[in-house]
Amino acid sequence: MTDTVKLVSLAVAAPEHVIFQREAVEASARLFADRFEDFRHLARVFDSAGIEKRHAARPLAWFDEPHGWQDRMQAYAEVAGALFVEAASSALRQAGIEAGDVDCVVTVSSTGFTTPSLDAQMARRMGFRADIERVPVFGLGCAAGVSGFAIASRLARSRPGAVVLFVSIELCTLAFRLDELTRPNIIATALFGDGAAACVLRSGQGGLAEVESTGEHLFPDTLDIMGWKIDDGGFGIVLAQSLPPFAERELGPAVTAILARKGLTPGDIDRFICHPGGTKVLAAMESALSLAPGSLDHERAVLAEYGNMSSPTILFVLERAIRTGLPERAAMIAMGPGFSASCVTLRRIA
């Protein structure tokens, strides 16, 4: 069928600065150990996080000094804009499409903002048409890699032949807080990195995979599990200790219900492609989805190389899965603030 939406191309990008985990723990000890008595206990998370390195919008020395909204958002505008152009241009080049052929661009990010939005700021550099439709989305957090992909695919389905560009950008490290002497802040310091990804979606022939179905589940009374608290200093992480056991208990039934609405069961899925929020979350997801321990190997590899980049991380996993060969049917799964779960199923194109 030519009216099904296809994933035509996928590209990933990361900032130039690299922080190795050994450097991150040394810097964190220097900045926190004398002020936060629980730091030495919490510092074990740097070793258990499964992360070897991650990319950052600014060099490590930048984080030694306090930064307010102006510093953070200036850095966001500069680096996120450059990553937008790099990832989007690569995805378009892979698809054999010019920027002037793009009819709609969906951009997700929850770690910074600009007004006008990034898509408008980069429009001239990219070469977008004046009549391009822009859909910037904020606040979906780690789930946005799947939720935003779903939004872009539905837009592509509603207008056969239209070229929809989906861009996911997060600069999580810019939220680092020297003044937050809390467990969630130390864990965030050990886990998060920066990155971007872009996809071209279009109905018609060809492509890497067919977008078969999309769905979401919003869990009631879970607003305190994950998110941002916002004050004069910037974003502050909200991250509950209950997240891994919650995922292990609740994710399976939620995914089963999402798939059932499309006439599918978990048994129909040949490979779950999951957002690697952390090693504990990955283990919880394997349990929830009845997968053998260690099954989510691409996820652990991406986590080790890039850390948790929030929304684009799952697209890094998908890119790796495509390179090694997609199975007949795969399901992308991500969880994020709300608390919510998002799912997209993909069919391999023979």
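# A guided tour from helix H8 outward

Begin by selecting helix H8, whose buried residues are Pro184, Asn185, Ile186, Ile187, Ala188, Thr189, Ala190 and Leu191. The model on display is a predicted one. Colouring H8 by accessibility will show a helix that is mostly covered, with 8 of its 9 residues buried. To see what covers these residues, add helix H1 (21–32), helix H2 (39–42), helix H3 (44–48), strand S3 and strand S10 (234–239) to the selection; the buried residues of H8 pack against these elements.

**The two domains**

Next, colour the chain by domain. The domain assignment places residues 5–203 in domain 1 and residues 209–348 in domain 2. Their centres, taken over C-alpha atoms, are separated by 17 Å. Selecting the contact between them should pick out 62 residues of domain 1 and 49 residues of domain 2. Together the two domains bury about 4100 Å² between them, and 64% of that area lies on carbon and sulfur atoms. Within domain 1, show Trp69, Cys142 and Val146 as sticks: these residues supply 17% of the area that domain 1 buries against domain 2, more than any other three residues.

**Polar links across the boundary**

Now display polar contacts between the domains. Between domain 1 and domain 2 there are 21 residue pairs in polar contact, with both residues at pLDDT 80 or more. The side of domain 1 that touches domain 2 draws two or more residues from each of strand S1 (5–13), strand S3 (53–56), helix H4 (69–95), helix H7 (144–158), strand S6 (164–171), helix H8 (183–191) and strand S7 (194–203). Of these, H7 gives the largest share, 9 residues. Colouring that side by residue class gives 33 nonpolar, 17 polar and 12 charged residues.

The count of salt bridges between domain 1 and domain 2 is 1. To examine a salt bridge in detail, select Asp231 and Arg177, whose side chains meet at 3.1 Å, N to O. Then extend the selection to Asp179 and Lys229, which are linked with Arg177 and Asp231 in a network of salt bridges.

**Salt bridges elsewhere in the chain**

Side chains of opposite charge can pair when their charged atoms come close. The count for the model comes to 18 salt bridges, and three of them make useful stops.

Select Glu299 and Arg271 first. The closest N and O atoms of this salt bridge are 2.8 Å apart. The pair joins distant parts of the chain, with Glu299 in helix H11 (residues 297–306) and Arg271 in strand S11 (residues 271–274), 28 residues apart. Is this pair buried or exposed? Glu299 is buried, with a relative accessible area of 0%, and Arg271 is buried as well, at 16%.

Move next to Arg329 and Glu212, which form a salt bridge with the closest N and O atoms 2.9 Å apart. Here too distant parts of the chain are linked: Arg329 belongs to strand S12 (residues 329–336) and Glu212 to strand S8 (residues 209–218), 117 residues apart. Arg329 counts as buried because its relative accessibility is 13%, under the 20% limit. Glu212, at 24%, is partly exposed.

For the third stop, select Asp131 and Arg129, whose side chains meet in a salt bridge at 2.7 Å, N to O. Asp131 is exposed, with a relative accessible area of 54%, whereas Arg129 is partly exposed at 30%.

**Backbone details in the loops**

Finish with the backbone. Select Thr115 and Pro116, which are joined by a cis peptide bond with omega about 5°. Pro116 lies in the loop between strand S4 (104–108) and helix H5 (118–121). Then go to Gly338 and Phe339, where the peptide bond is cis, with omega near -10°. Phe339 is placed in the loop between S12 and strand S13 (340–348).

Which loop holds Asp221? Asp221 sits in the loop between S8 and strand S9 (226–231). Its phi is near 60°, a positive value in a residue other than glycine. Asp221 counts as exposed, at 77% relative accessibility.

The last selection is Ser290, in the loop between helix H10 (279–288) and H11. Phi of Ser290 is near 60°, again a positive value in a residue other than glycine. With a relative accessibility of 68%, Ser290 counts as exposed.

Terms used: Residues are numbered from 1 along each chain as its sequence is written. This is a predicted model: local features need pLDDT of at least 70, side-chain atom pairs count only at pLDDT 80 or more; totals for chains, interfaces and linings use all residues. Side-chain values use heavy atoms; hydrogens and water are left out. Domain bounds come from an automatic or database domain assignment. Contact means heavy atoms within 4.5 Å. Buried area is the accessible area (1.4 Å probe) that two parts lose on being put together, summed over both. A salt bridge is a side-chain nitrogen of Lys or Arg within 4 Å of a carboxyl oxygen of Asp or Glu. A polar contact is a pair of N or O atoms within 3.5 Å; within protein, one must be able to donate a hydrogen and the other to accept it, and residues adjacent in sequence count only if both atoms are side-chain atoms. Helices (H or I, at least four residues) and strands (E, at least two) are DSSP runs, numbered from the N terminus. Ala, Val, Leu, Ile, Met, Phe, Trp, Tyr, Cys and Pro count as nonpolar, Asp, Glu, Lys and Arg as charged, and the others, Gly among them, as polar. Buried means under 20% relative accessible area, exposed over 50%, partly exposed in between (1.4 Å probe, protein chains only).
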